[in-house]
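Here are my comments on the model you sent round, set out as numbered points. Please read them with the sequence and the structure open beside you.

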Amino acid sequence: MANNALYFGDNLDVLRESIATESVDLIYLDPPFNSARDYNILFSSPKGVESSAQITAFEDSWHWGEQAEREFGEIVRGSNTDVAEMIQALRKFLGENDMMAYLTMMANRLLELHRVLKPTGSLYLHCDPTASHYLKIVLDGVFGKLNYQNEIIWQRTNAHNTAKQFGRVHDTLLFYSKSSDHTWNNIYAPYSDAQVKRYRKDANGRLFTTQDLTASRPDSSSGKFEWRGSMPSSSRGWGYTIEQLETWWKQGRIVSKKDGTPRMDGLIVFLDEMPGKAVQSVWTDVDRIGNTSAERLGYPTQKPLALLERIIQASS
């Protein structure tokens with residue numbers, strides 16, 4: 001596979017013919033969602049004018065027919081028996097309809113994507129609630145349910161009125177890894193004003209708060225020791241080694257009670273030493289591409305660069 005290469009065509013053919021096994025670090029895919037929208041316009045001007053290069057590549061893609069039947073047969077005869085059994089069960093449940101055609105073609109491509117991923121690699125599948133529940137079943141079969149990492153909710157638009165239901169304002173990203181040894185980097189976002197207000201100033205004017213020194217240990221003996229006259233409750237234990245606790249105590253980073261023993265929630269943490277707020281599985285801080293944004297290229301389902309940057313930073 002060449003670096004910085006763009007392949008044009010059916011990705012199933014490209015994967016089989018051009019991409020070597022275990023050669024890819026990270027995959028993000030944003031396939032059509034089978035949501036009855038018009039995805040035929042692949043290219044248009046930033047103002048939405050159709051290009052002369054318009055290609056109707058997705059026309060009739062998600063209907064059960066000869067292609068879906070052929071790809072279904074490839075899966076059933078393939079080496080992954082879990083996926084073969086799963087796709088047959090889905091066909092029995094759903095019948096031969098548009099959704100089944102969509103899932104069949106997605107499953108065949110996901111098997112190839114799994115093949116090309118390195119053992120340390122990860123995959124993020126961008127979808128919407130139309131089929132995300134079925135796609136998760138497919139991904140469990142392809143990657144193994146133990147390699148499911150997250151369902152990420154991305155708020156892609158602001159609130160709007162929808163008849164007789166809650167407004168649909170989010171997409172879903174299903175995050176799977178090739179193995180438990182996948183690449184991972186913690187991602188942090190700036191603290192909100194409300195979070196900063198929880199910090200207090202010390203004698204030197206530094207903003208600080210205190211955090212718990214213990215952790216839940218209901219079924220473990222880990223951390224169950226007395227330290228400087230304090231003993232965690234029966235369901236908890238110290239969250240750090242005695243060496244680390246002693247270091248913080250000597251540095252004055254642990255608040256003591258009136259009797260001189262350490263407070264369980266007394267670890268002093270300074271705001272200027274914190275990396276930020278750890279990003280969780282609901283992303284509300286990545287804005288969609290505005291209609292007047294210079295980033296907009298005219299592709300009808302274009303995703304913001306910030307969304308891709310976060311995935312790349314976390315998993316590569």
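1. What is on display is a predicted model rather than an experimental one, and every value below was computed from it. About 18,600 Å² of the chain is exposed, and carbon and sulfur atoms supply 50% of that area.

2. As to the overall build, the chain contains 8 helices and 13 strands. Its radius of gyration is 25 Å, well over the 20 Å that the globule rule gives for 316 residues, so the chain is more spread out than a compact globule. The C-alpha trace spans about 80 × 50 × 50 Å along its principal axes.

3. On burial and contacts, 37% of the 316 residues in the chain are buried. If one takes the contacts between residues at least 6 apart in sequence, 65% of them join residues at least 24 apart. As for charge, the chain carries 35 positive and 39 negative charges, and the mean positions of these two sets are 9 Å apart.

4. Helix α8, which covers residues 305-315, has L307, R310, I311, A314 and S315 as buried residues. Seen down the helix axis, the buried residues of α8 fall within an arc of 100°, so they line one face of the helix. What lies over these buried residues? The cover includes the strands β1 (24-29), β2 (117-127), β3 (148-155), β4 (170-177) and β13 (282-283).

5. One of the strands in that cover, β4, holds T172. Is T172 buried or exposed? Its relative accessibility is 2%, and because anything under 20% counts as buried, T172 is classed as buried. Apart from its neighbours within four places in sequence, T172 is in contact with L125, H126, C127, S132, E151, I152 and I153.

6. P119, in strand β2, is partly exposed, with a relative accessibility of 40%. Which residues does P119 touch, once its neighbours within four places in sequence are left aside? They are E22, K178, S179 and D181. N108, although 11 residues away from P119 along the chain, has its C-alpha atom 20 Å from that of P119.

7. Two residues deserve a check of their backbone angles. Most residues other than glycine have a negative phi. E22, however, which is one of the contacts of P119, is not a glycine and has a positive phi of about 50°; it lies in the loop between α1 (11-18) and β1. At 42% relative accessibility, E22 counts as partly exposed.

8. The second case is K164, likewise a residue other than glycine, with a positive phi near 55°. Where does K164 sit? K164 is in the loop between β3 and β4, and at 88% relative accessibility it counts as exposed.

9. Finally, E243 belongs to helix α7, which covers residues 242-250. With a relative accessibility of 54%, E243 is classed as exposed, the cut-off for that class being over 50%. E243 and S180 are 63 residues apart in sequence, and their C-alpha atoms are 30 Å apart in space.

Technical notes. Residues are numbered from 1 along each chain as its sequence is written. This is a predicted model: local features need pLDDT of at least 70, side-chain atom pairs count only at pLDDT 80 or more; totals for chains, interfaces and linings use all residues. Side-chain values use heavy atoms; hydrogens and water are left out. Helices (H or I, at least four residues) and strands (E, at least two) are DSSP runs, numbered from the N terminus. The radius of gyration is taken over C-alpha atoms; the globule rule is 2.2 Å times the number of residues to the power 0.38. Buried means under 20% relative accessible area, exposed over 50%, partly exposed in between (1.4 Å probe, protein chains only). Contact means heavy atoms within 4.5 Å. Accessible areas come from the Shrake-Rupley method with a 1.4 Å probe; for residues, only the protein chains shown count as cover. Lys and Arg count as positive and Asp and Glu as negative; His and the chain ends are not counted. The place of a charge is taken as NZ of Lys, CZ of Arg, CG of Asp or CD of Glu. The arc is that of the directions from the helix axis to the C-beta atoms.
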